[in-house]
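Let's take a walk through a protein model together. Keep the sequence and the 3D view at hand as you read.

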Amino acid sequence: MSSRQIPRHTRAGIFIHWFNAACWFFLLATGVALISNPELNPLGAWYPKAVRAVFMGGGNLLVAHWLVAFIWLAVWVVYLFWGMNRFVAPFLNSAFTIEPNRDIQWMIKKNLQMMVGYKMMAKLVKPLGYDGTMPDQGYYNVGQKLAAQGLIFGALALVGTGFIMFASKYFLTAADSWLVQWSITVHFIAAGVTTALLILHIYMAAISKDERPAFISMFTGTVPAEYAKHHHRLWYDELEDSKPSEVG
Amino acid sequence: MMAKQLGMVIDADSCIDCKGCMAACKVANEVPGDNWRNWIKDGEMDWNAKGKRRMVFQPGNCMQCDKPTCVTACPTGATYKSKADGVVLIDRGLCIGCGQCIKACPYGARYRNDKLKVADKCDFCRSRREVGLEPACVSTCPTKARAFGDLNDPASPAGKLYAAQKDKAVQVVNAESNTDPNIYYLGAPGNKHWPVKAQMPSAFTFWKNVADPGVKVLMGLMGVGVLAMLGKQLVMKNDAPEEHHGEDGHE
Ligand code: SF4
Ligand code: SF4
């Protein structure tokens, strides 16, 4: 067991991660229950019925959904302003920096490796001119980066359309109905896409053995140096070259 | 015994177009601005009437349909048909005022309430019924053109007429989207062809036909992918090359 641990997440980062997780789960669970139409019910009629019973009515359920959405948003706004330089900008920077050659190769290899193992992957990528080793990755690997991008755009779409639906009951007029109608549809799509990404994220983090140290670091804030070296070599080298810096 | 279904049997011949029902409804239900819960369709000359020619009028309001397209279009279930009395109701707390139901009603019976910012329409004066009163339009009609009550109860004013005149009573519908209304007309109701074809909003059809299957496919693919990876993890031992093994035994 590696004894040397290196810092990966700050306490603020860990807090916002789990706060996010709790809010998203609640918003997903209540949001799906807000759809009660036999032609659209994602899970069937029993689900909205059961959840509405818990909240003692659909109206209360809607208010609860809004309430948590606003709390979620408010905490995020504070986090964004307070942590802009320390956490947010570095996070966005690493999440949106893509190096096509390295990253495409990583995506192909990682997917194959997850499905068929290293040995098979090495054989399969040979015709592409690749060897069987994983290209080095930075603080985030490209899978994490793409997931982060998807989640960021998904969240922006959810916030925008969610706000329009909320505004419908307080500010908008009959002339804006089309906007509200499309907001519902886009809200649904954004929720669907982010949920799909979250399924993958949760699998990779909590179930897949490969990323177990990353999962543990979401509680402890640190990862074993060896894990960092093999999974995030570029980041590891950076750390070795300088003193450990705080990144999101 | 059949389920309770509140409805109206309207004797169009009795209507004198005084619009008392419209005024009474607006006051009783605090219907704002340009919105109306009920109407008298413009009179037309009944050239076929035996004896003296005269104008005919067609009073109406939400028809509390048996197959309400407004309910079909509502995503949240805020618009629903009450099991207790068959009236189509709106849960104002749950309604987000998206207006899909407004577009979907072939009779234009719904409006967006500018004050409440939700969909609104005739509910047979729910609040008055709760205290034992008749709908305001029924109480106020000087000629008693509107008979109201449980259509399945021969003792109610509407039920009595309905039972007696079933064959003669007509529904005013659009043939392409017959919602099976619970408002029946006796006499000569005039223009029967004003209801339009029910229109589902494009955002709704896109959701139903594209977004919903799309999201389901995406979830399915993700689920299959994750299961495949899990299966591989359970079946295959870690075959990572040596240089990829960490000190803790993981890659
Ligand atoms: S008349 Fe229109 S609003 Fe009333 S129940 Fe029928 S479809 Fe719905
Ligand atoms: S406006 Fe109509 S369709 Fe939209 S939520 Fe309200 S009742 Fe349902």
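This is a predicted model, and our tour begins at helix H9 of chain A, residues 212–220. Which of its residues are buried? They are Pro213(A), Ala214(A), Ser217(A) and Met218(A). If you look down the axis of H9(A), these buried residues fall within an arc of 155 degrees, so they line one face of the helix. A general rule helps here: an α-helix has 3.6 residues a turn, so residues three or four places apart point the same way. The buried residues of H9(A) pack against three elements of chain A: helix H1 (11–33), strand E2 (222–224) and helix H10 (225–231). Just after H9(A) comes Gly221(A), with a positive phi of about 90 degrees.

Now move to chain B and find strand E8, residues 146–150. Five of its five residues are buried, so the strand is largely enclosed by the rest of the structure. E8(B) runs antiparallel to strand E1 (residues 6–11) of chain B, and five bridges join the two. Within this pairing, Met8(B) has Phe148(B) as its bridge partner.

Next, look for the largest nonpolar core, which has 33 residues. Those touching the most other members are Ile184(A), Phe188(A), Cys95(B), Ile96(B) and Trp207(B). Among the elements that each supply at least two residues are helix H8 (177–207) of chain A and helix H7 (202–235) of chain B. The largest share, four residues, comes from H7(B). Ile96(B) touches residues of chain A including Leu62(A), Met165(A), Val180(A) and Ile184(A). A second, separate core of 26 residues includes Phe57(B), Met63(B), Cys65(B) and Leu89(B).

Notes. Residues numbered from 1 in each chain as written. Chains lettered and ligands numbered in written order. Predicted model: local features only at pLDDT ≥ 70, side-chain atom pairs only at ≥ 80, totals over all residues. Heavy atoms only, no water. Buried < 20%, exposed > 50% of the residue type's maximum accessible area, 1.4 Å probe, protein only. Arc of directions from axis to C-beta. Contact = heavy atoms within 4.5 Å. Pairing = 2+ DSSP bridges. Core = buried A, V, L, I, M, F, W, Y, C linked by side-chain atoms within 4.5 Å.
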